[in-house]
Amino acid sequence: MVELQEIDHVAVMVGAADTLAQALARETWEEAGLRVADLIGVAHGGHVLLEHPSSGGGDGGAGYMVERIDWFRARLPDGMLPCNQDGEVQRFELLPPSTLRAWLVQGLFTLEASLVIAGFLGL
């Protein structure tokens with residue numbers, strides 16, 4: 001079982017004007033309501049690089065999207081729990097690694113989340 005005080009991953013998308021540290025601080029607050037300085041053992045876990053055609057933008061045109069998503073791991077101090085701030089996280093759930101792997105195989109996560117989770121699990 002993953003301990004309650006452990007965040008599986010915080011995935012960070014860095015804007016052109018951000019440093020990785022700025023993006024980590026922003027996303028950690030927005031997604032989990034946590035301050036990086038309060039976390040224990042923050043470590044860069046890796047990154048995912050996605051490149052694919054995109055039809056977004058609303059003008060009917062097509063483009064090409066390149067995304068690099070850096071992810072981190074950290075431990076929470078006792079008594080500290082994540083709480084989403086921006087409405088982008090549906091919920092936080094504590095899962096045993098076996099359930100996390102099963103959900104991954106079942107395709108219950110977005111592509112981006114699946115790749116980050118696979119990296120976290122060492123797959």
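What follows is a walk through the fold, one helix pair and the salt bridges of this predicted model.

Starting with the overall layout, the protein has three helices and three strands. Going along the sequence, these elements come in the order β-α-β-β-α-α, so to speak a strand, a helix, two strands and then two helices. Of the 123 residues in the protein, 28% are buried. As for how the chain meets itself, take the contacts between residues at least 6 apart in sequence: 61% of them join residues at least 24 apart.

The two helices at the end of that pattern, H2 and H3, make a good place to look next. Helix H2 covers residues 97-105 and helix H3 covers residues 111-121. Their axes come within 11 Å and cross at roughly 140 degrees. Angles over 145 degrees would count as roughly antiparallel, and the crossing at roughly 140 degrees therefore makes H2 oblique to H3. The crossing of the two helices is left-handed. On the H2 side, the residues that take part in the meeting are Leu100, Arg101 and Leu104; on the H3 side, they are Ser114, Ile117, Ala118 and Leu121. Sorted by character, the residues of this contact come out as five nonpolar, one polar and one charged.

Helix H3 has a number of buried residues, namely Ser114, Val116, Ile117, Ala118, Phe120 and Leu121. Serine 114 is worth a look of its own. This residue lies in helix H3 and has a relative accessibility of 15%, so serine 114 counts as buried, given that buried means under 20%. Setting aside its neighbours within four places in sequence, serine 114 is in contact with Leu104 and Phe109. Leu104 is one of the H2 residues in the contact between the two helices. Just past the end of H3 sits glycine 122, with a positive phi near 75 degrees.

Now for the charged side chains. In general, side chains of opposite charge can pair when their charged atoms come close. In this model the count comes to four salt bridges, and among them are the three described here. In one of these, the side chains of aspartate 18 and arginine 26 meet with an N to O distance of 2.4 Å. Arginine 26 also meets glutamate 27 in a salt bridge, at 3.3 Å from N to O. Through shared partners, then, Asp18, Arg26 and Glu27 are joined into one network.

How open are the members of this network to the surroundings, buried or partly exposed? Aspartate 18 has a relative accessibility of 26% and so counts as partly exposed. Arginine 26, at 27%, likewise counts as partly exposed. Glutamate 27 has a relative accessibility of 14%, so this residue counts as buried.

Another salt bridge pairs the side chains of arginine 68 and aspartate 70, with 3.1 Å from N to O. Here too, the two partners fall into separate classes of accessibility. Arginine 68 counts as partly exposed because its relative accessibility is 44%, whereas aspartate 70 is buried, with a relative accessible area of 4%.

Methods. Residues numbered from 1 in each chain as written. Predicted model: local features only at pLDDT ≥ 70, side-chain atom pairs only at ≥ 80, totals over all residues. Heavy atoms only, no water. Axes fitted to C-alpha atoms, helices over the stretch in contact; angles between N-to-C directions. Helix = DSSP H or I, 4+ residues; strand = E, 2+ residues; numbered from the N terminus. Parallel < 35°, antiparallel > 145°, perpendicular 65-115°, else oblique. Left-handed = near helix turned anticlockwise from the far one by under 90°. Contact = heavy atoms within 4.5 Å. Nonpolar A, V, L, I, M, F, W, Y, C, P; charged D, E, K, R; others polar. Buried < 20%, exposed > 50% of the residue type's maximum accessible area, 1.4 Å probe, protein only.
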